[in-house]
Amino acid sequence: MGALQKVLVVDDGHRAVDRALSAELAELGYASVTASLEAADDVLAMMPRPAAVLLHVPPRDTGGAFRMLSERLREQMRSAGVPVIEVDAAGHQTGAPVDLQSRIGTRVLNEPEF
């Protein structure tokens, strides 16, 4: 079995148990790296091609920083086929694990890390 690819989770630094995407990803069998909004670019530069980037948008995205990062990363990751997925508090509580698995895809579990 090959190594699992990592999913980058970008959040606002508040990782309460009821909001932790990394815990849900682990339950689904995905490896993840969690970074703050400010560190996202540095983490992306250091990790091999991620399987997906999840932006955990806080209820109050002051100034739209998460939305701007999302747009920029979608442009940047499009050619590599890396999905950039925004998850907000409302969507997170209504079946997000199943949705995340279908949006990221099974390739995360099947592709080797390069």
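This dialogue walks through the sheet and one helix of a predicted model.

Reader: Where should I begin with the sheet, and what is the order of its strands?

Author: Strands of a sheet pair through backbone hydrogen bonds, either parallel or antiparallel. In this model there is an open sheet of four strands, which run in the order S2-S1-S3-S4 with parallel pairing. From one strand to the next, the twist averages 25 degrees.

Reader: Which are the edge strands?

Author: An edge strand pairs on one side only, and here that description fits strand S2, residues 31–36, and strand S4, residues 84–88.

Reader: How many bridges join S3 to S4, and how many join S1 to S3?

Author: Strand S3, which spans residues 52–57, pairs with S4 in the parallel sense over five bridges, while strand S1, residues 6–11, pairs with S3, also in the parallel sense, over four bridges. To follow the pairing residue by residue, you can look at Leu 55, which stands opposite Glu 86 in S4, and then at Val 57, whose bridge partner in S4 is Asp 88. Towards S1, Leu 54 of S3 has Val 9 standing opposite.

Reader: Are the two faces of S3 covered or open?

Author: To read a strand's faces, take the residues of each side as a group and ask whether they are buried, with buried meaning under 20% relative accessible area. In S3, Ala 52, Leu 54 and His 56 lie on one side, Val 53, Leu 55 and Val 57 lie on the other, and all of them are buried. The strand is thus mostly covered, with six of its six residues buried.

Reader: Turning to helix H3, which of its residues are buried, and which are exposed?

Author: Helix H3, residues 65–77, has 13 residues and reaches 18 Å from its first C-alpha to its last, close to the 18 Å expected at 1.5 Å a residue. Its buried residues are Phe 66, Leu 69, Ser 70, Leu 73 and Met 77. Because these residues cover an arc of only 105 degrees around the axis, they fall on the same side of H3. On the other side of the helix, Met 68, Glu 71 and Glu 75 are exposed.

Reader: What covers the buried residues of H3?

Author: The elements that cover the buried residues of H3 include the strands S1, S3 and S4, together with helix H2, residues 40–46.

How values were computed:
Residues are numbered from 1 along each chain as its sequence is written. This is a predicted model: local features need pLDDT of at least 70, side-chain atom pairs count only at pLDDT 80 or more; totals for chains, interfaces and linings use all residues. Side-chain values use heavy atoms; hydrogens and water are left out. Two strands pair if DSSP finds at least two bridges between them. Axes are lines fitted to C-alpha atoms, for helices over the stretch in contact, and angles run from 0 to 180 degrees between N-to-C directions. Buried means under 20% relative accessible area, exposed over 50%, partly exposed in between (1.4 Å probe, protein chains only). The expected span of a helix is 1.5 Å times one less than its number of residues. The arc is that of the directions from the helix axis to the C-beta atoms. Contact means heavy atoms within 4.5 Å.
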